[in-house]
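Reader: Hi! I am new to reading structures, and I would love a close look at a single part of this one. Could you walk me through it slowly?

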Amino acid sequence: MASIVLKRTQQKMPVVGFGLWKVTKSTCADTVYNAIKAGYRLLDGAGDYGNEKEAGDGVRRAIADGLVKREDLFITSKLWNTFHAHDHVKQITKMQLKLWGIDYFDLFLVHFPVALKYVDPSHRYPPEWFGDDGKVYIQNTPMHETWGAMEELVDEKLAKNIGLSNCQGSLILDVLRYAKYEPQVLQVELHPYLTQEALVKLCKTFSIAVTAYSSFGPQSYVELGVDKGAPSLLKHDVTSAAAQTHGKTEAQVLLRWATQRGIAVIPKSNDLGRLSANLDCNSFDLSESELAALSALNINLRLNDPADIDGRLAIFA
């Protein structure tokens with residue numbers, strides 16, 4: 001399986017993983033089990049997804065049935081915005097590990113560079129973006145404090161690798177100035193409508209691996225009603241032409257556009273056929289002209305922007 005070697009630990013991170021965003025609790029255990037059975041070895045979760053216990057149930061079944069050992073899997077999770085204060089980072093990480101039923105995360109990311117007022121997990125979990133009254137409450141916790149607590153997770157062997165998500169270049173450079181353990185991975189929204197070439201180039205300069213989420217662009221956001229009216233990348237003429245040329249699916253083309261340039265992907269599918277096809281996206285190469293044509297679709301369309309929730313959260317401004 002194709003992988004990216006992470007700089008500090010030299011651990012191999014699979015290039016194609018299975019994303020757990022929007023996987024429902026009722027189906028999550030079976031979905032994770034089937035993903036592992038199909039050959040997936042990276043599972044990308046988060047506290048905010050609300051399905052970590054169920055994902056862990058699927059992992060336990062797969063291990064019990066002899067499909068994999070724990071060390072064969074690369075499990076990623078993320079720190080939610082309400083737990084950025086130093087003393088809350090370790091507390092919630094241990095809780096998330098308990099939900100998964102594992103001793104360590106292979107990768108733990110700061111989900112957003114946004115600190116929100118603490119919500120006790122016993123009161124509400126996952127806490128999401130809002131307080132009980134439906135309002136957003138910002139907390140003045142600097143990234144320096146949060147990152148120091150993340151580094152302690154490495155020292156205590158609760159996380160092998162740590163990284164960032166939804167961060168831009170200036171903040172990455174700031175973290176690099178004081179980090180004892182540099183971010184190993186940056187996970188960001190990345191697809192032909194939002195190519196982020198400068199950000200990808202910066203990460204390569206500092207040997208930070210990049211993982212793309214929402215590889216299919218607006219498709220992931222249609223059911224949420226926030227696709228911003230953008231035409232489907234899966235039905236775009238450029239995508240369809242490449243798919244026809246290579247005898248592949250449009251989804252495979254969009255995934256290969258990323259992986260062929262050394263960017264990891266974490267697609268999700270509840271369909272077993274598509275699940276297997278997505279994993280097989282590295283079985284062909286796009287031509288340079290096909291890669292360029294897909295990149296030329298860029299319109300800087302950002303579908304996951306906290307500024308849409310509250311103007312004070314305009315982290316991509």
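Author: Happy to; here is the setting, followed by one residue in a loop and one in the core. Keep in mind that this is a predicted model, where local features need pLDDT of at least 70 and side-chain atom pairs count only at pLDDT 80 or more, while totals for chains, interfaces and linings use all residues. Residues are numbered from 1 along each chain as its sequence is written, and side-chain values use heavy atoms, with hydrogens and water left out.

The protein has ten helices and ten strands (DSSP runs, H or I of at least four residues for helices and E of at least two for strands, numbered from the N terminus). Of its 317 residues, 55% are buried, meaning under 20% relative accessible area with a 1.4 Å probe, protein chains only.

Now to our loop residue, His191, which sits between strand 8 (185–189) and helix 6 (197–205). His191 counts as buried because its relative accessibility is 0%. Leaving out residues up to four places away in sequence, His191 touches Ser214, Ser215, Gly217, Leu233, Trp257, Leu301 and Leu303; contact here means heavy atoms within 4.5 Å.

Let us turn to Leu186. Leu186 is among the residues with the most contacts inside the largest nonpolar core, which has 99 residues. Such a core is a set of buried Ala, Val, Leu, Ile, Met, Phe, Trp, Tyr and Cys residues joined through side-chain atoms within 4.5 Å. Beyond its neighbours within four places in sequence, Leu186 is in contact with residues including Leu164, Ile172, Leu199 and Val210.

Note on methods: Buried means under 20% relative accessible area, exposed over 50%, partly exposed in between (1.4 Å probe, protein chains only).
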